Amino acid sequence: MSDILQYALLGLGAAAGYTLLGSGVILISRGSGVINFAQGALALVAALFYHSLTNVMRFPVYIGIALAVLVTAVLGMVVYFVIMRPLADSSPTARTIATLGLLILLPGLAVLIWGIGPFSLQPFLPRGTVEIFGAAISWDRLILIAIATLVVGVLWVGARYTATGLAFRAIAENSRATSTLGWSPIKLGALTWTLGSALAGLAGVLIAPITTVSADGMPMMIIPVLAAVLLAGFKSFPLLLLASVATGVGQSLIFNFVPITGVAQSLPFILILLVLIARGRERLSRSLVIERLPMVGSGRVRWIPLTIVVLLVSAGILFWFNDQFQAAATGTFGWSLIVLSVVVLIGYTGQLSLAQATLAAITGMIAAKLVSEQAFPLLPAIIVALITTVLIGLVFALPAVRTRGMNLAIVTLGIASITSDLVFKNGFFTGPYGSIFVPKVSLFGFDISPIRNSTGYALFAFIIFLLGCLAVAAVRRGTSGGRLLAVRTNERAAAALGVNVVGAKFYSFGLAAAVAGLGGVILAFQNSAFTPADFDPMQSITVIAYAFVGGVGFVLGAPAGGQLAPGSFGAWLLDVIWPDASGVWLQVLSGVFVILFILLQPDGFARDWVKAADAIRERPRRRSPSASAVKSGTLESELGAAADPSEVGEVKVAPKRLEVQDLTVKFGAVVAVSGVSFSVEPGEVVALIGPNGAGKSTCIDAITGFVPSAGRVKLDGVDISKDWTHARARKGIGRSFQSLELFESLTVQDNLLIAADDGKSRRYFGDLVSMKRPELGPLAKAVIQEFGLADVLDKRVNDLAYGQRRLVAVARAMASEPSVLLLDEPAAGLGEQEKKEFEGVVRQIARWGIAVLLVEHDMGLVMGVSDRVVVMDTGKRLAVGTPAEVQASPEVIAAYLGGNDKNESASADAFTQETVVLGKGQSQ
């Protein structure tokens, strides 16, 4: 028993380091809204600087500690003003990628300055022991955990009881509102980065004497630290301390009592996965809107330029490239495919996964073992390995169902760490030497082993790379690409259009795993021995960086970013230009490029290449008098002939009746909607009105499945109350949003095509090889004509005027051919003339046989277009009837105008006028 206690107490040193590092992560996250993945790298800088001060310059220990912490704090302030402050208006993902750039850059600089290490620092804390319940524990561990506890206590008191601490908490919730109270976001951001970096420096100096300091070890301490921070919810310092102690103590016990490699390192993320499973699937609330990511390419293949490039590269491999150049080209093809998998996940789907290099290594390991140990032919081995990796990729997708954004990045990084520790460093999987030896590789009887036939293997790798790029480009152009982009841009709107968000995420993770696996296969057979442990979590992080430099939204971004990888053409070129440069210079340059591109060109190299190519192609068109006609004809051929307005009546919609029975929505103890019942018939316009806070928009959210509710929602007599949002949309319920929630970075045409998707799963597989773009249905074409959108189909939504965006929002909902259409304040912000035109639009929608439920504050519009009106007040149904009946209702007049005798006898005109005034705000 005393042994267990002693080993548990030994884990307090690691727990102290996790606590200090994690406290800095929480501070920075609160002040600037970014997860600092470079926290461990800052600790490395502090530890090595302290080493120089005390071991080389002979500074006194405590002066060395103070100076090391001070230098790290100043470095954090510089990072804020040089990098984070210019990125203040960028997405959290972009800012986090910048910290990944720092994670790459700082260890590289450390190696250039101090060497590779590892370094052992002399202890400065007392090393004597004290006995606790029969177990001897050294004083340094107790002092370390005491320091960490003291820091947590100070931060907790400061966060709860000081004005600055409260400002930190407030700015994390709403920076604009906090700034209106006189708090400068710039000063608070600088302060949190300074203090957070100082804590990283303190952690580095304190824990350096009890461990070895190396450029590849200490930066990766961020992995268990992020696990502890995630368990603490990025908010609570006391919970962070508890999570860190549990992690440190648990790791110490497992390391000493469980003889399985990697289990101790995997503990924190196993706990996180259990928490995610217990939490269950999240519903899409109004706040869960995917942030805007860098621009995405069209996926269009220019066959003539592609053919020229393919012929040139093939000729180079066959006739011109020497062995060294062929090896560099092969490395580029392999790493570019891994980068291409990031394009699928982040560029197309908005899922920040930090495990792609790990998946590549899994595929390479399985294929290599099948070929070398089971005598499998190469192609069957690749197929089996890819199928296995896709299944593993689907397991990696499970956290994406329960968490999003940066939390997902942390969890996938943890899974990559678990895989690396449990599998890649385990002799049971990799053999006693940690490497899998593949003496010969043959294809269809031809020896393509890179050592004996580098030309044949390079050509094989090029074909695999080319097929992978064409498949990903086809997905982008196809229906499945539209689904992925919808999820990337706005999960809530995607679900409302019938996109199965969970299915799209699983597809993207599976496809990305397959693409990364192809890259892993190329790299696995490139040499006679494959070492999976080389693909550690840091490699997955650097792959994200490569993707952002190349262009994370473009297929061309993959080969562009792949040039930064070790063994690639970029590495070969650096060696030619600078023969004496070590490999670490490529790492340093990669980190610099990431930061510069995030600051100056977040769309990457590929965006500039595409713009230049488009400009070259446009020059002959600008000279041609028929240029506009050519453009118009191309657009018309892609969409099909638009419906003639005179033929609008021929558009057929399946008529269905919407019935809402005793609908109730509760948020904790607050009842937002209470027992509301009404119905909407096909071809009927029913308005849902009431003052702000009446529950109108919440009612629509409940009908469409965005919020949990009691009661029943029936569509043509069929109860759909238990269906998820996308299933209700597929059954015929469409909606617009109060805040539009369009796919802003996509064109109007793309928005409509996504809505017109039939939702069939086979599209996911057919799009891998299909070159056919989806088409709009007859109703969508009629809507384009009716709404006057034909001239803006090829324009991005964020380039349109507000009134046009309002029409696009309704047109997108109509493109899914709904039987019931729910319009949530569709006329908000429109001018009087636009409202009159919109009234005609609503009536036309009803004439097509669609049941319309309208939430609107403009009583002139409501009374002019509605067949019936349902009035809500404080979450309850107050009245229902024709517009005339509602305007004459004493209960409605009392609710709107105050409830005395004079108000009850007020005229309908006064009621209408007052409700127009009351309706200028936003409903809830």
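This text leads from the whole chain to one sheet and then to one patch on the surface. The structure is a predicted model.

The chain as a whole contains 40 helices and 16 strands. Of its 924 residues, 57% are buried. The area that the chain exposes is about 37100 Å², and carbon and sulfur atoms supply 62% of this area. When contacts between residues at least 6 apart in sequence are considered, 77% of them join residues at least 24 apart.

Six of the strands form an open sheet. Their order across the sheet is 12-13-14-9-15-16, and the pairing is mixed. The edges are strand 12 (733-735) and strand 16 (876-881), each of which pairs on one side only. From one strand to the next, the twist averages 20°. Within this sheet, strand 9 (residues 685-689) and strand 14 (residues 851-855) run parallel and are joined by four bridges. Valine 685, for instance, has valine 852 in strand 14 as its bridge partner. Helix 29 (residues 696-703) packs on the sheet, where it touches strand 9, strand 12, strand 13 (820-824), strand 14 and strand 15 (868-873). The direction of helix 29 makes about 145° with that of strand 13.

The surface patch lies elsewhere in the sequence. Leu70, Val74, Met77, Val78, Phe81 and Val82 make a nonpolar surface patch of about 520 Å². One of these residues, valine 74, is found in helix 4 (residues 61-84). Is valine 74 buried, partly exposed or exposed? Valine 74 counts as partly exposed because its relative accessibility is 45%, and the partly exposed class lies between under 20% for buried and over 50% for exposed.

Notes: Residues are numbered from 1 along each chain as its sequence is written. This is a predicted model: local features need pLDDT of at least 70, side-chain atom pairs count only at pLDDT 80 or more; totals for chains, interfaces and linings use all residues. Side-chain values use heavy atoms; hydrogens and water are left out. Patches are made of residues with over 30% relative accessible area and no salt bridge: like charges are joined within 9 Å, nonpolar side chains (Val, Leu, Ile, Met, Phe, Trp, Tyr) within 5 Å. Accessible areas come from the Shrake-Rupley method with a 1.4 Å probe; for residues, only the protein chains shown count as cover. A salt bridge is a side-chain nitrogen of Lys or Arg within 4 Å of a carboxyl oxygen of Asp or Glu. Helices (H or I, at least four residues) and strands (E, at least two) are DSSP runs, numbered from the N terminus. Buried means under 20% relative accessible area, exposed over 50%, partly exposed in between (1.4 Å probe, protein chains only). Two strands pair if DSSP finds at least two bridges between them. Axes are lines fitted to C-alpha atoms, for helices over the stretch in contact, and angles run from 0 to 180 degrees between N-to-C directions. Contact means heavy atoms within 4.5 Å.
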